[in-house]
Amino acid sequence: MSLANELSGPLHRAAATMIHAAGEGDVERALSVDQLDLLDFAALLSRAAALRLEDLARRARQISLLRWGRSVQLFAPLYVSNECTQVCTYCAFQRRSSIPRRTLAVDEVVAEARMLLETGFRHILLVSGEHPKLVPLSYLETVVAALHPEVPALSIEVAPQSLEGYERLVHAGTEGLVVYQETYDRDVYARVHLSGRKANYDWRLAAPERGAAAGMRRVGLGALLGLADWATDVLALGVHARYLMRHWWRTFVTVSLPRLRYAKDAIAAPRPVSDAEMTQAICALRLFLPDTGIVLSTRESPRFRHGVIPLGVTHASAGSRTEPGGYSTPAPESEQFRIDDDRPAELFAAALRGQGYDAVWKDWEAILHG
Ligand code: SF4
């Protein structure tokens, strides 16, 4: 069954109903079984489960320690361009926004990457807006090829590509792909993506699978929490991750739950998500998908980040800038969104060590699989 069919199939509909109908017994069962089915996962996303948040957290902590130990892999985003032809109403890079625009020349990207390497990062995520003319596939290929000899692990978060496009990027040296669906709710998706290719829900939904088919060793999925009902989006995100893990078992899958934050000329979150709900979502994902990576960004506050790390977070960004050239020439007026944890990466790593966790700068997955 295709992912789109799975997401609209009877089992998924039953699980979506369970989110609103789950009772104490359903939550108790989900907390006691080793392998959760979709209905168990939905029960953990319910209001009934919100009343058992401490029990969810205890179970998530146990599973995380067993499967992942006490370590968090660090990575840094490197924005190469904030040019964009799309209109996503929640984003400062959208075409209608008045921010100053910039696309880095290849040597500027290399200079930014070297700053991150000097800090200690070995995993860099290249990020760009979607602009077919100013940020074409050939530019991304050139950038990746220039960085590949120096950066041990390179991932991309750019406009979704065709299978052939992803194959070219893998050939140039890309090993990881990040494509967030933003929201899995088709109606909300249509309301916040007003034009451009991003308005095509199905093209985006299938992008992670195209990346896996092209040979990306890791694929990152995500839902931008705050756009639609958070629990329903997290349910779909879990289904998406499980689908990819089943069909592309060589690919390492991560999930991310960025919460919508202030961005210039952008909408505020229509469905804000509380810290408790975010915590519940992380715990539910950890219980449903014990072997999936969970990514935490600097959108969250230091206090919240250190609070949820033991519950299953495996990867975290640190010291991030969200504008092109931000590490060498900070320009807050050009950023994509405002971050909350603005500590330098070294301070975040030291705080991690202080809570008994290793900050892993090296890319152990690459070493193990290479
Ligand atoms: S979310 Fe991505 S595609 Fe949409 S406006 Fe922002 S940068 Fe462009």
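These are my notebook entries on strands, helices and single residues looked up in a predicted model.

**Entry 1. Strand 5 and its partners**

I began with strand 5, residues 176–182. Six of its seven residues are buried, so I noted the strand as mostly covered. I then looked up its pairing. Strand 4, residues 153–157, runs parallel to strand 5, and two bridges join them. For Ile-156 I found Leu-177 of strand 5 as the bridge partner. Between these two strands the chain passes through helix 9, residues 163–172, and I recorded the β-α-β crossover as right-handed.

Strand 5 also pairs with strand 7, residues 218–223. This pairing is parallel too, and I listed six bridges for it. In it, Tyr-180 is placed opposite Gly-222 of strand 7.

**Entry 2. Strand 8 and the strands beside it**

From strand 7 I went on to strand 8. The two run parallel and are joined by five bridges. Arg-218 stands opposite Phe-252 of strand 8. The connection uses helix 13: strand 7, helix 13 and strand 8 form a β-α-β unit that is right-handed.

How many residues of strand 8 are buried? I counted five of its five. I sorted them by face: Phe-252, Thr-254 and Ser-256 lie on one side, Val-253 and Val-255 on the other, and both faces are covered.

Next I looked up the pairing of strand 8 with strand 9, residues 293–296. These strands run parallel, with three bridges between them. Ser-256 is opposite Val-295 of strand 9. Here the unit is strand 8, helix 14 and strand 9, again β-α-β and right-handed.

**Entry 3. Helix 14**

Helix 14 covers residues 275–288, 14 in number. From its first C-alpha to its last I have 20 Å, close to the 20 Å expected at 1.5 Å a residue. Its buried residues are Gln-280, Ala-281, Ile-282, Cys-283, Ala-284, Leu-285, Arg-286, Leu-287 and Phe-288.

**Entry 4. Helix 12**

Helix 12, residues 207–214, is mostly covered, with seven of its eight residues buried. I wrote down the buried ones as Ala-207, Pro-208, Glu-209, Arg-210, Gly-211, Ala-212 and Ala-214. What do they pack against? I found helix 1, helix 9, strand 5, helix 11, strand 7 and helix 13. Gly-215 follows the helix, and its phi is positive, near 110°.

**Entry 5. Helix 2 against helix 13**

I looked up the packing of helix 2, residues 10–21, on helix 13, residues 230–247. The angle is about 145° and the axes are 10 Å apart. I entered the crossing as right-handed. On the helix 2 side the contact is made by His-12, Ala-15, Ala-16 and Ile-19. On the helix 13 side it is made by Ala-231, Thr-232, Leu-235 and Val-239.

Residues three or four places apart in an α-helix point the same way, because there are 3.6 residues a turn.

**Entry 6. Two positive phi values outside glycine**

Most residues other than glycine have a negative phi. I therefore kept a separate note on two residues.

Glu-182 has a positive phi of about 75° and is not a glycine. It is found in strand 5. Is Glu-182 buried or exposed? It has 25 C-beta neighbours inside 10 Å, and because 20 or more count as buried, I listed it as buried.

Asp-265 is the other entry, with phi near 60°, again positive in a residue other than glycine. I located Asp-265 in the loop between strand 8 and helix 14. With 13 C-beta neighbours inside 10 Å, Asp-265 is partly exposed, because that class lies between 12 and 20.

**Entry 7. Glu-141**

Last, I looked up Glu-141, which lies in helix 8, residues 137–147. I have 17 C-beta neighbours inside 10 Å for Glu-141, so it counts as partly exposed. Which residues does Glu-141 contact, leaving aside its neighbours within four places in sequence? I found Arg-168, Leu-169 and Ala-172. I also checked Glu-141 against His-123, 18 residues apart along the chain, and their C-alpha atoms are separated by 17 Å.

Notes:
Residues are numbered from 1 along each chain as its sequence is written. This is a predicted model: local features need pLDDT of at least 70, side-chain atom pairs count only at pLDDT 80 or more; totals for chains, interfaces and linings use all residues. Helices (H or I, at least four residues) and strands (E, at least two) are DSSP runs, numbered from the N terminus. The expected span of a helix is 1.5 Å times one less than its number of residues. Two strands pair if DSSP finds at least two bridges between them. A crossover is right-handed if, with the strands pointing away from the viewer, the path from the first strand over the helix to the second runs clockwise. Axes are lines fitted to C-alpha atoms, for helices over the stretch in contact, and angles run from 0 to 180 degrees between N-to-C directions. A crossing is left-handed if the near helix is turned anticlockwise from the far one by less than a right angle, and right-handed if clockwise. Two residues are in contact if their C-beta atoms, placed from the backbone, lie within 7 Å.
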